[in-house]
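Biologist: Could you take a close look at the part of this model where protein and DNA meet, and describe it one strand at a time? I would like the atom-level contacts set beside the elements that supply them.

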2 protein chains.
Amino acid sequence: MHNLLSNISPNFKIPATAREALEHMFVQKQFNKNELLIEDGQVCRHMYFLEQGCIRGFYNIDGKDISQWFGFENDFATSFSSFITRHAAKEYIQVVEDSTLWCISRDQLDELLSKYPELEKTVRLIYEQYYIRLEERYSNAHFKTATERYEDLLKNSPHIIQRMPLGYVASYLGISAETLSRIRGQNKK
Amino acid sequence: MHNLLSNISPNFKIPATAREALEHMFVQKQFNKNELLIEDGQVCRHMYFLEQGCIRGFYNIDGKDISQWFGFENDFATSFSSFITRHAAKEYIQVVEDSTLWCISRDQLDELLSKYPELEKTVRLIYEQYYIRLEERYSNAHFKTATERYEDLLKNSPHIIQRMPLGYVASYLGISAETLSRIRGQNKK
DNA sequence: ACTACTTTTTGACTTTTGTCAACCATCTTC
DNA sequence: GAAGATGGTTGACAAAAGTCAAAAAGTAGT
């Protein structure tokens with residue numbers, strides 16, 4: 001549990017009262033490459049915190065999969081809208097490298113928040129950070145060309161390019177794998 | 001103030017203790033068509049609640065403006081990342097129809113939340129809703145063609161098409177005004 | 001080290017969308 | 001009610017990216 005608390009804490013204060021409960025509710029689990037944490041059609045009942053490894057969320061559209069987001073060490077991840085609304089998810093979550101994750105169920109999180117309302121603020125601040133990230137991603141996708149999007153990613157999130165297969169990155173950028181391969185080829189010269 | 005409370009309340013409970021303070025802190029203001037609530041480079045210090053009218057957030061890229069979001073009656077709106085981080089905004093907020101807005105400053109909101117921590121949960125729930133909306137918007141933009149995106153918008157948010165000029169809608173969908181005009185022409189047949 | 005499998009690259013061609021320019025229709029305003 | 005704005009439409013052409021197919025490179029697993 002060390003990692004979770006030590007990695008949330010630098011940015012967000014966790015009230016001492018809630019620390020212990022938090023430690024008890026998150027459970028550490030090990031997953032192997034290519035395992036699916038959730039599938040399209042299931043309700044996503046867990047929130048994950050990545051201690052080690054990486055995962056991705058993706059949609060399946062007409063047999064093609066399209067990466068939606070990537071998660072690395074110290075990120076929280078879940079199929080957010082399913083987790084919150086308790087409706088069936090439209091996405092899959094796949095383990096990309098063998099990973100060590102901490103899990104908490106929606107019910108436990110609710111319990112935690114109602115017992116320790118002083119955690120609400122921590123959660124709000126985390127949400128703010130994730131909202132801003134998503135907004136940034138959205139606006140980049142909006143007004144940049146494929147090449148610019150790739151170069152931005154290379155500059156701002158090189159770990160994505162280093163650790164995720166090209167095909168995953170291509171759909172994340174909203175382009176075909178062939179186009180990404182060509183862009184990358186161009187860039188080397 | 002009636003509208004704000006009555007329109008938040010159906011979805012979110014506002015603790016009675018905080019009601020009055022909330023009413024005092026939001027100030028009603030009137031804005032005219034084409035006024036800018038904030039400009040690129042300024043810090044956005046206010047959060048707005050739309051009682052009547054509509055507004056949009058847009059980026060200016062190489063002299064072109066690109067709509068980022070639209071706000072209508074009973075929406076909250078601000079240049080979120082600037083409001084939260086207190087850094088300069090990268091976007092403009094423009095009043096599209098003459099509008100009646102309720103405003104609260106960041107400092108007042110902070111004050112409100114520290115005096116009435118029971119509001120944290122309300123804010124968290126509002127954030128969840130907005131996050132899910134943005135995620136939906138993002139994924140649609142990601143894997144649908146221009147025509148599908150237009151048809152989705154027509155189905156799910158016809159008010160946008162009815163109340164926003166075609167040029168604003170086009171950049172919101174990530175396509176040129178000409179392409180949108182052609183799609184719309186096709187659809188009529 | 002060899003096969004089987006997956007991922008990436010390359011080439012030829014097609015489709016989609018963008019750009020530029022002209023044109024038309026309102027709507028405002030003096 | 002004429003003169004500008006503003007917003008929307010249309011056409012011709014150009015550019016960007018997608019598709020299909022095949023080759024090449026990389027990665028396991030035995």
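**The protein surface around the two DNA strands**

Modeller: I begin with a contact to a base: in this predicted model, a polar side-chain atom of B:Glu178 lies 3.1 Å from a base nitrogen of DNA strand C. The elements that contribute two or more residues to the surface near this strand are α8 (166-173) and α9 (177-188) of chain A, together with α9 (177-188) of chain B. Among these elements, α9(A) provides the largest share of the surface near DNA strand C, namely four residues.

The backbone of chain A also takes part, since a backbone N or O atom of A:Leu166 is placed 2.9 Å from a phosphate oxygen of DNA strand C, and for A:Gly167 a backbone N or O atom lies 3.1 Å from a phosphate oxygen of that strand. Altogether 16 residues are found around DNA strand C, and those that come nearest are A:Leu166, A:Ser181, A:Arg182, B:Thr179 and B:Arg182. Of the atoms of DNA strand C that come within 4 Å of the protein, sugar and phosphate account for 56%. Sorted by class, the surface near DNA strand C holds four nonpolar, six polar and six charged residues.

Turning to the other strand, DNA strand D is surrounded by 16 residues, of which A:Thr179, A:Arg182, B:Leu166, B:Ser181 and B:Arg182 are the closest. Sugar and phosphate make up 58% of the atoms of DNA strand D that come within 4 Å of the protein.

Three contacts to phosphate oxygens of this strand can be described individually. A polar side-chain atom of A:Thr179 lies 2.8 Å from a phosphate oxygen of DNA strand D, while a polar backbone atom of A:Ala146 is 3.1 Å from a phosphate oxygen of DNA strand D. From chain B, a backbone N or O atom of B:Leu166 lies 2.9 Å from a phosphate oxygen of DNA strand D. The elements giving two or more residues to the surface near DNA strand D are α9 of chain A, along with α8 (166-173) and α9 of chain B. Here the largest share, four residues, comes from α9(B). By class, the residues of the surface near DNA strand D divide into four nonpolar, six polar and six charged.

Notes. Residues are numbered from 1 along each chain as its sequence is written. Chains are lettered from A and ligands numbered from 1 in the order in which they are written. This is a predicted model: local features need pLDDT of at least 70, side-chain atom pairs count only at pLDDT 80 or more; totals for chains, interfaces and linings use all residues. Side-chain values use heavy atoms; hydrogens and water are left out. A residue is near a molecule or strand if one of its heavy atoms lies within 4 Å of it. A polar contact is a pair of N or O atoms within 3.5 Å; within protein, one must be able to donate a hydrogen and the other to accept it, and residues adjacent in sequence count only if both atoms are side-chain atoms. Ala, Val, Leu, Ile, Met, Phe, Trp, Tyr, Cys and Pro count as nonpolar, Asp, Glu, Lys and Arg as charged, and the others, Gly among them, as polar.
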